[in-house]
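Me: I should be grateful for a close look at a single part of this structure. Please describe one strand in detail, and then place that strand in its wider surroundings.

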Amino acid sequence: MNITYDHSEIVAQNTRMFWFRTPHKPDYIAGQFIEMTLPHNNSDNRGQKHWFTLSSSPTENLLAITTKQAPDRSSTFKQVLFSLQAGASINISEPMGDFVLPKDSNIPLVFVAGGIGITPVRSMIKWLSDTKEHRQIRIIYGARSADDLAFLELFENYGAKTDIILTGGAGQLTAENVMKLGHVTDNTLVYVSGPEPMVESLETDLKAANVSSEKLVLDFFPGYPIT
Ligand SMILES: Cc1cc2nc3c(=O)[nH]c(=O)nc-3n(C[C@H](O)[C@H](O)[C@H](O)COP(=O)(O)OP(=O)(O)OC[C@H]3O[C@@H](n4cnc5c(N)ncnc54)[C@H](O)[C@@H]3O)c2cc1C
């Protein structure tokens with residue numbers, strides 16, 4: 001599917017939300033992702049295709065992705081993305097993935113996001129907010145510093161209780177913190193998204209803390225170091 005770059009906005013330090021127009025709005029579910037292709041010469045080994053969560057909500061007219069640019073070691077893909085001019089045509093795949101809300105709106109939810117792993121949480125909370133559906137949600141959001149945090153106002157306006165853990169200081173995003181801050185019970189679904197090593201270690205530790213596989217929904221972002 002071809003989409004047209006419209007504009008971008010800074011949502012946190014080195015982090016931008018890129019907005020795109022589409023000829024026909026694709027059907028997607030909040031929390032799903034796409035693969036974006038940006039053809040360019042002299043590409044590095046991180047390639048010309050990247051996966052991104054749609055951080056927009058299906059209730060919004062434009063599609064959005066949100067990503068971070070490493071200040072010194074940015075990939076050629078991100079260099080091209082961050083210098084796009086309005087009107088540029090870009091190819092993306094159909095949206096896919098099952099990191100989405102459960103149909104049963106009574107299930108209590110805990111979202112655990114590390115760094116840029118907040119993107120699917122933005123999509124889902126925006127969708128719930130726009131459709132005026134209230135659910136019991138707690139967000140546990142780990143980031144290196146306060147400057148790296150995005151979308152806090154949206155979460156607050158929706159009424160989702162958000163605990164912030166700054167991992168650049170003494171804080172750590174551990175299973176112990178998740179169980180305690182999330183008030184996780186047998187009925188709770190725990191969504192974990194962020195850098196692959198973070199999601200992997202939380203998966204192991206949450207299972208060890210008796211959260212069963214069926215209660216865990218995981219979204220791994222490869223290519224980022226642990227937050
Ligand atoms: C389902 C899914 C959803 C995703 N959703 C998102 C999303 O919403 N937002 C998002 O930002 N990403 C998302 N990702 C990850 C995304 O696809 C990229 O892997 C990620 O953004 C890193 O991009 P990059 O390799 O261009 O690295 P950059 O952003 O340029 O750098 C990232 C970091 O990696 C280091 N690094 C990693 N590999 C190398 C290397 N080979 N050489 C030098 N430095 C390196 C850099 O120094 C830097 O610290 C998602 C991935 C998946 C699978």
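Reply:

**Strand β1 and its surroundings**

In β2, the residue that forms a bridge with Tyr5 is Phe20. This pair belongs to a predicted model. Strand β1 (residues 2-12) and strand β2 (residues 15-21) run antiparallel and are joined by seven bridges. Together, β1 and β2 make a hairpin, with two residues between the strands. Asn14 lies in the turn and has a positive phi of about 55 degrees.

Strand β1 also pairs with strand β6 (residues 89-92), again in an antiparallel arrangement, through three bridges. Here Thr4 stands opposite Ser89 of β6.

As for the wider setting, the protein chain is divided into domain 1 (2-92) and domain 2 (109-221). The C-alpha centres of domain 1 and domain 2 are 23 Å apart. Their contact involves 16 residues from domain 1 and 15 residues from domain 2. On the side of domain 1 that touches domain 2, β1 and β5 each supply at least two residues. The most is given by β5, with three residues. By class, this side of domain 1 has five nonpolar residues, 10 polar and one charged.

The ligand also involves both domains: domain 1 and domain 2 each give at least three residues to the shell around the ligand. Of the 26 residues around the ligand, those that come nearest are Thr67, Ala70, Arg73, Ser75 and Gly223. Two or more residues of the shell come from each of β4 (49-53), β5 (63-68), α1 (76-82) and β11 (216-221). The shell comprises 11 nonpolar, 10 polar and five charged residues.

Conventions
Residues are numbered from 1 along each chain as its sequence is written. This is a predicted model: local features need pLDDT of at least 70, side-chain atom pairs count only at pLDDT 80 or more; totals for chains, interfaces and linings use all residues. A residue is near a molecule or strand if its C-beta atom, placed from the backbone, lies within 6 Å of it. Helices (H or I, at least four residues) and strands (E, at least two) are DSSP runs, numbered from the N terminus. Ala, Val, Leu, Ile, Met, Phe, Trp, Tyr, Cys and Pro count as nonpolar, Asp, Glu, Lys and Arg as charged, and the others, Gly among them, as polar. Domain bounds come from an automatic or database domain assignment. Two strands pair if DSSP finds at least two bridges between them. Two residues are in contact if their C-beta atoms, placed from the backbone, lie within 7 Å.
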